[in-house]
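Trainee: I'm new to this structure and would like a close look at one part of it, the cavities inside. Could you walk me through them and show me how they fit into the rest of the chain?

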Amino acid sequence: MKAIRRLTVRPVLPEPLRPLNDLARNLRWSWHAETRDLFQSMDPERWAASGGDPVRLLGSVPPARLAELAADRRFLRRLTAAADDLHDYRTGDRWYQAQSAELPAAVAYFSPEFGVTAALPQYSGGLGILAGDHLKAASDLGVPLIGVGLLYRHGYFRQSLSRDGWQQEHYPVLDPHELPLALLTEADGTPVHVTLTLPGGRPLRARIWVARVGRVPLLMLDSDVEENDLRERGVTDRLYGGGSEHRLLQEMLLGIGGVRAVRTYCRLTGHPEPEVFHTNEGHAGFLGLERIAELCGQGLDFDAALEAVRAGTVFTTHTPVPAGIDRFDRELVARHFGPEAELPAIEVQRILELGMETYPGGEPNLFNMAVMGLRLAQRANGVSLLHGQVSREMFAGLWPGFDPEEVPITSVTNGVHAPTWVAPEVFRLGARQIGAHRTEDALTVGGSERWDSVADIPDRDIWELRRDLREQLVLEVRARLRASWRQRGAGEAELGWIDGVLDPDVLTIGFARRVPSYKRLTLMLRDPDRLMELLLHPERPVQIVVAGKAHPADDGGKRLIQELVRFADDPRVRHRIVFLPDYGMAMAQKLYQGCDVWLNNPLRPLEACGTSGMKAALNGCLNLSVLDGWWDEWYRPDFGWAIPTAGGPGTDPDHRDDVEAAALYDLLERRVAPRFYERGRDGLPERWIEMVRETIGHLGPKVLAGRMVREYVERLYTPAARSHRAMTPEAARELAAWKARVRAAWPQVTVDHVETSSAATATAELGTPLALRVRVGLGELGPEDVEVQAVSGRVDEEDRITDAETVPLKPSGGPDEDGRRIYEGSLALDRTGPYGYTVRILPAHPLLATAAELGLVTVPSEEAVGTAGVLMR
């Protein structure tokens with residue numbers, strides 16, 4: 001019979017075991033092996049049945065076993081050591097506390113999803129896993145971060161397959177009381193609510209659950225509260241579910257409600273108020289509007305509040321394609337703001353202007369969340385060097401007049417949290433070499449260019465480690481495959497063949513990720529006969545493990561999965577290639593650790609970063625990938641192989657896929673498999689082992705989330721905190737007024753005449769100084785409002801300047817009778833070959849983060865350059 005009501009009965013632990021509660025409810029256990037081992041030792045069978053979740057484990061251990069453990073001195077010593085270690089971890093000084101710079105008092109980090117552990121299933125893919133790794137690395141480094149997200153009652157979907165290989169979605173109900181969460185309450189125990197106002201004045205209330213991620217609190221807003229109507233209760237039902245209005249409400253709750261949750265949390269706990277707000281992708285962009293409303297309530301006008309908010313905001317974009325950005329109909333957005341809705345004190349038109357695509361090719365009736373995120377942040381970044389370049393080109397319309405390379409979007413290449421993803425066996429090998437403490441520091445803080453000690457590990461130890469991890473993967477695959485076939489309707493008698501699936505001594509390739517079309521799940525099937533030959537090669541066979549989820553609304557992605565599954569179901573090859581449904585963190589850890597080669601073949605440059613290959617690399621897995629995302633940045637032949645790309649303007653997609661698939665087959669057949677199976681005199685594949693050693697020793701330190709978070713702190717958070725402190729109310733008013741004055745006066749700013757000392761000759765000798773004299777008109781602006789620059793460098797066939805260098809020119813005297821001013825300076829001709837220069841005028845103010853911030857620039861007219869001699873060849 002079905003229960004009419006559900007409740008959670010918590011175990012009452014004997015007094016000596018009470019510290020287990022704190023250990024279970026701080027998610028540090030998810031990356032701290034000693035704590036996991038402690039829980040496992042309580043009851044190994046129940047630990048496995050609980051999916052490695054301490055909260056579920058404690059709810060299932062019988063009282064008799066708890067009493068036994070409470071009297072077990074050895075267990076209690078281990079428990080005391082683990083509890084003391086967690087206390088020291090949470091309260092002791094770490095990397096952040098040892099820095100001398102004026103770092104932010106706190107940083108608020110907003111993301112629509114967080115992949116911290118499989119026990120808290122609030123993630124769909126790379127964005128959430130990256131956010132979880134960001135929190136964990138910040139905790140390890142001692143960064144005072146507050147995470148902000150939503151608590152989805154159904155999480156993301158669970159995936160299974162039908163008999164014919166079609167993806168099926170299931171949405172389990174998650175009870176927060178059964179998760180490692182605590183409800184945020186007032187001092188009297190009353191649950192805290194944040195409230196948004198919906199059109200017509202209806203309230204949308206949300207509770208705040210707190211997950212402890214080491215030292216970092218993660219605040220998760222949950223609208224499933226009794227005070228809400230049924231529709232409002234469902235706002236936080238599913239991750240990336242529902243239609244446009246549903247998504248808009250989720251993003252308003254995340255951004256606006258999230259700021260209110262942070263304020264409440266800091267009030268109740270004494271946590272320092274954030275000086276920096278970091279928006280992880282555009283979903284949380286509304287947080288800037290709430291902060292503007294806060295400042296308007298303190299007496300600033302909208303423009304001054306906007307400047308104050310921008311100063312302390314960092315925006316990270318994760319998508320390399322416009323289609324990956326949330327965009328809403330402007331009328332839908334307008335309906336949810338203003339009188340009798342949210343933020344009534346802010347004029348709706350001002351809100352709409354922040355997200356409108358007011359650049360060539362933009363859609364004037366759409367509200368773009370990434371565009372709003374960029375306009376509300378003084379600092380922005382992509383997530384790899386290549387993605388930074390792609391982002392500058394994609395958003396260049398927001399900074400008209402500037403070349404893409406000058407668009408103020410930098411890049412911080414993603415990293416991965418090594419203690420989460422590195423196999424315990426790999427950690428133990430490092431600990432034997434340099435000690436457990438140094439190994440832990442190397443994997444968390446990082447900082448070294450390479451791990452030299454890897455060179456001292458014997459070849460046989462490396463090879464036996466890789467073989468052990470591969471064997472663990474084989475056993476995991478067989479268990480998951482059997483469960484999948486049972487779900488598909490197969491009887492146990494049909495499944496004897498599964499005991500022969502995969503071989504722990506065969507070269508194993510992994511491919512696991514979301515399944516949008518650009519990631520090309522089925523590129524490996526382009527020539528099925530060729531793939532079959534590789535799988536069944538008599539001397540150098542390969543085996544492939546594939547996993548991935550398609551979005552529930554993406555039938556194209558589901559068809560790709562079905563095509564792969566049907567191939568893998570073929571009795572001729574099903575022992576060599578498998579598709580595992582329900583890809584998630586628990587499965588991913590085994591895949592990254594057990595595969596020999598990690599395959600990635602997206603359409604370049606559509607992979608923003610692609611961190612799965614980083615996790616594999618930390619375990620000694622070699623990458624075989626298209627040069628995209630992070631692999632484009634750090635690829636070396638010592639670490640793996642690059643799949644050639646056949647892209648370019650006008651390339652036929654089918655031809656491109658044929659060419660790149662053929663290149664993939666060739667690499668596997670002629671380079672990868674021979675290297676793996678080639679044995680030296682001692683029976684070891686020496687050249688393969690050397691690549692494993694190079695991958696761990698040289699690539700390992702680069703791919704750490706600790707390195708990534710340190711870069712955020714040094715390059716983005718600390719400058720943002722400085723800007724925040726400098727942006728006092730008076731400074732914000734002055735900057736806003738200055739920007740308005742500059743924008744109004746800019747049409748009168750001109751470059752009237754450019755003179756050069758070389759008499760416009762077409763050639764000049766290396767090292768010759770080139771004197772410039774420029775006559776400019778500044779209209780109502782003064783020299784203190786602008787910077788006049790000479791821009792020079794090599795030129796291409798169309799006379800565009802590349803590798804540009806800028807030199808500021810200095811004013812010479814006051815204005816003439818026409819109000820014009822003379823600026824002078826010189827260029828050093830320090831490069832041979834085609835060379836060119838130009839002159840431009842930019843706004844200048846000490847509180848601007850970059851000269852491009854206003855998107856204003858003036859260059860010479862055709863008449864002004866007539867005698868300038870701007871090119872030398």
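Mentor: Let's start with what a cavity is: on a 1 Å grid over the protein atoms alone, it is a set of points where a 1.4 Å probe fits but cannot get out, and its lining residues have an atom within 4 Å of a point. Grid points are joined across faces, edges and corners, and a volume is the space filled by probe spheres set on the points. Before we go in, keep in mind that this is a predicted model, where local features need pLDDT of at least 70, side-chain atom pairs count only at pLDDT 80 or more, and totals for chains, interfaces and linings use all residues. Residues are numbered from 1 along each chain as its sequence is written, and side-chain values use heavy atoms, with hydrogens and water left out.

With that rule, there are eight cavities of 30 Å³ or more. The largest cavity holds about 100 Å³ of space. Its lining is made of 13 residues, and those nearest its centre are Leu481, Trp485, Ala568, Asp569 and Phe579. Three elements each give two or more residues to that lining: α19 (459-487), α21 (555-568) and β17 (577-580). Those labels come from DSSP runs numbered from the N terminus, with helices being H or I of at least four residues and strands being E of at least two. Sorted by class, the lining has nine nonpolar, one polar and three charged residues. Here Ala, Val, Leu, Ile, Met, Phe, Trp, Tyr, Cys and Pro count as nonpolar, Asp, Glu, Lys and Arg as charged, and the others, Gly among them, as polar.

Now for the second largest cavity, with about 70 Å³ of space. Around it sit Pro112, Leu150, Tyr152, Leu239, Tyr240, Arg247, Gln250, Glu251, Leu254 and His283. The top contributor to this lining is helix α9 (residues 244-269), which gives four residues. By class, you'll find six nonpolar, two polar and two charged residues here.

Arg247 is a good one to zoom in on. It belongs to helix α9 and has a relative accessible area of 17%, so it counts as buried; buried means under 20%, exposed over 50% and partly exposed in between, with a 1.4 Å probe and protein chains only. If you skip residues up to four places away in sequence, Arg247 touches Tyr240, Gly241, Gly242, His283, Asp326 and Phe328, where contact means heavy atoms within 4.5 Å. Two of these, Tyr240 and His283, are also named in the lining of the second largest cavity.

Let's step back to the whole chain. It has 28 helices and 27 strands. Of its 873 residues, 56% count as buried. The C-alpha trace spans about 95 × 70 × 50 Å along its principal axes. Among contacts with a separation of 6 or more, 73% come from residues 24 or more positions apart.

Helix α7 (residues 126-141) shows how enclosed a single element can be: 15 of its 16 residues are buried, so the rest of the structure largely encloses it. Right after α7 comes Gly142, with a positive phi near 80°.

One last buried spot is Gly388, in helix α15 (residues 385-394), with 0% relative accessibility. Leaving aside neighbours within four places in sequence, Gly388 is in contact with Gly382, Thr410 and Ser411.

Note on methods. 1 Å grid on protein atoms, 1.4 Å probe; cavity = no way out; pocket = protein on both sides within 12 Å on 5 of 7 lines; lining within 4 Å.
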